[in-house]
Amino acid sequence: MSTVNLNSAEVSVREVRLGSITGFHGGASDLVEASHCGKLKDKSRSFSQCLGCSTSNAACTAVLIQDAAVISHGPVGCSTCLHEFAFTYRVNAGLRGVSNPTQRKIYSTNLEEKDTIYGGTAKLEETIRKVYQRAKPSVIFVLTTCAAGIIGDDVESVANAVEKEIGIPVVAIFCEGFRSKMWTSGFDAGYHGIARKLIKQPEKKRNIINVVNFWGSDVFNQWFRRFGYEANYLTPYSTLETIQHSSEAACTVQACATLGSYLATALDQAFGVPELKTSPPYGIAQTDRWFRELGQILGKEEEVEAFLEEERAKYMPEIQKLREKLSGKTAYVTAGASHGHSLLALLGELGMKAVGAAIFHHDPSYDSESVEADTLKHTVEDYGNVENYTVCNKQEFELVNVLNRLRPDILLARHGGMTLWGAKFGIPSLLIGDEHFGMGYEGLVKYGNQILTTMENDEFVTNLSKHAINPYTDWWLNQEPYTFLKGGKK
Ligand code: SF4
């Protein structure tokens, strides 16, 4: 059944659309099995510390578009985390060859108490006009917040009315934080707005391949050019024009299915762009599968085999050396879902043992409904079960408790702020923000060397652990980490 309906202004949240969960503890293989036999059931926590907000993830799909402006329709506090994308945009512009990064254009309607009584639509109309006059963007996105949702502002009607007046697309994105326990629902909300209002039906096919990604380095062009194609990155560092023509691509690939599931499927189902369904190319087994599926879609099977042969000849000696050095070392992973599974695959490929993982949510399937898209299934089948696998929406109190017990040789994290907890225990901790860094054969070598360097240079974390004050006392650290997960461990 299709999960994509571009005639609707909103897309349903992941709990409803995909059956996603935020509470589980057990073996990764148990989770894979439960996901595919319809037995997956969410567990709630009787205590939790904090959650992310979908607004921020929706902003991630919009703020980094080169010629866009973004308005948060709500109290100013809801937009206070959005500046981080201005930082991300500047820091990573070099990875994409953007020589002249422009200022990000982020605004708020600043809803106040009286607006929650009289309504905020007039303020929104005025803000869209002002943003258009001041920033002269090619497209304006309006992100909804809890306050706008609670008072029932008709944001879609306002966006459509002002769009006619100013002559550029105004895209309403429905991403109020209270809608979903999964902040990744914000990605889907953002991409839904983009697919329904910006992507045009194709006029002709082009030699481009859509890459749904965050802001990682440009590894895809060096691969695609060998086969006669260019990467069309969506949506960070894209423009309105490149988004509009993404329907003319030969196919769509994703750096992370947690991010790209909805947009890739929307491009497939509504615009006829085939989706490369297998998981992203991390680890040798998955890299080979990924390139072979790409070869099938492009009709370039022989070229792909020749490419893989070259990659093996070039990188396998070094991979073998890394395996000898890293074999038997232990690691713990904390990350978003699909990328976390990819990091576990890298560890398995390098001969390391993943002693556990805290993964922020779990999607039993993605929008394509293809079993081939299940990154965790591939990881478990290729490298074996991961015990102490937890689905945990950044509940740091659980993470700290587990790290204290498992004391791995290294902590791999994907999100800022998480490595701190490993470092305080003297555990070498590594965060790599470039999500393309570990892709392919070369990426495996780069990631392996980075792991090695981090483990060998542990003086800082060793000293830090001697002086760090941990806010969690023995009262908590001596309790079972999943005390507050209803139903406990199993
Ligand atoms: S959860 Fe609601 S109130 Fe909080 S930041 Fe997100 S949109 Fe604003």
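The points below concern a predicted model and take up a three-stranded sheet, the helix packed on it, and the surroundings of Thr-390.

1. The sheet is open and consists of three strands, which follow one another in the order β7-β6-β8 with parallel pairing. Because β7 (230-234) and β8 (251-254) occupy the edges and each has a single partner strand, one side of each is left without a neighbour in the sheet. On average, and with direction ignored, neighbouring strands of this sheet are turned by 30 degrees against each other.

2. Within this arrangement, the pairing of β6 (residues 208-212) with β8 runs in the parallel sense and extends over four bridges. As a point of reference for inspecting these two strands, Ile-209 can be found opposite Cys-251, the latter lying in β8. Helix α12 (residues 257-271) packs on the sheet and touches β6, β7 and β8, while the direction of the helix makes about 170 degrees with that of β8.

3. A separate site worth examining is Thr-390, which belongs to strand β11 (residues 389-392). With a relative accessibility of 1%, Thr-390 falls under the 20% cut-off and therefore counts as buried.

4. Which residue's side chain does the side chain of Thr-390 join in a polar contact of 2.9 Å? The partner is Tyr-482, and the contact is one between the two side chains. Tyr-482 also appears among the residues that Thr-390 touches when those up to four places away in sequence are not counted, the others being Phe-24, His-25, Arg-45, Ala-357, Ala-358, Ile-359 and Glu-398.

How values were computed. Residues are numbered from 1 along each chain as its sequence is written. This is a predicted model: local features need pLDDT of at least 70, side-chain atom pairs count only at pLDDT 80 or more; totals for chains, interfaces and linings use all residues. Side-chain values use heavy atoms; hydrogens and water are left out. Two strands pair if DSSP finds at least two bridges between them. Axes are lines fitted to C-alpha atoms, for helices over the stretch in contact, and angles run from 0 to 180 degrees between N-to-C directions. Contact means heavy atoms within 4.5 Å. Buried means under 20% relative accessible area, exposed over 50%, partly exposed in between (1.4 Å probe, protein chains only). A polar contact is a pair of N or O atoms within 3.5 Å; within protein, one must be able to donate a hydrogen and the other to accept it, and residues adjacent in sequence count only if both atoms are side-chain atoms.
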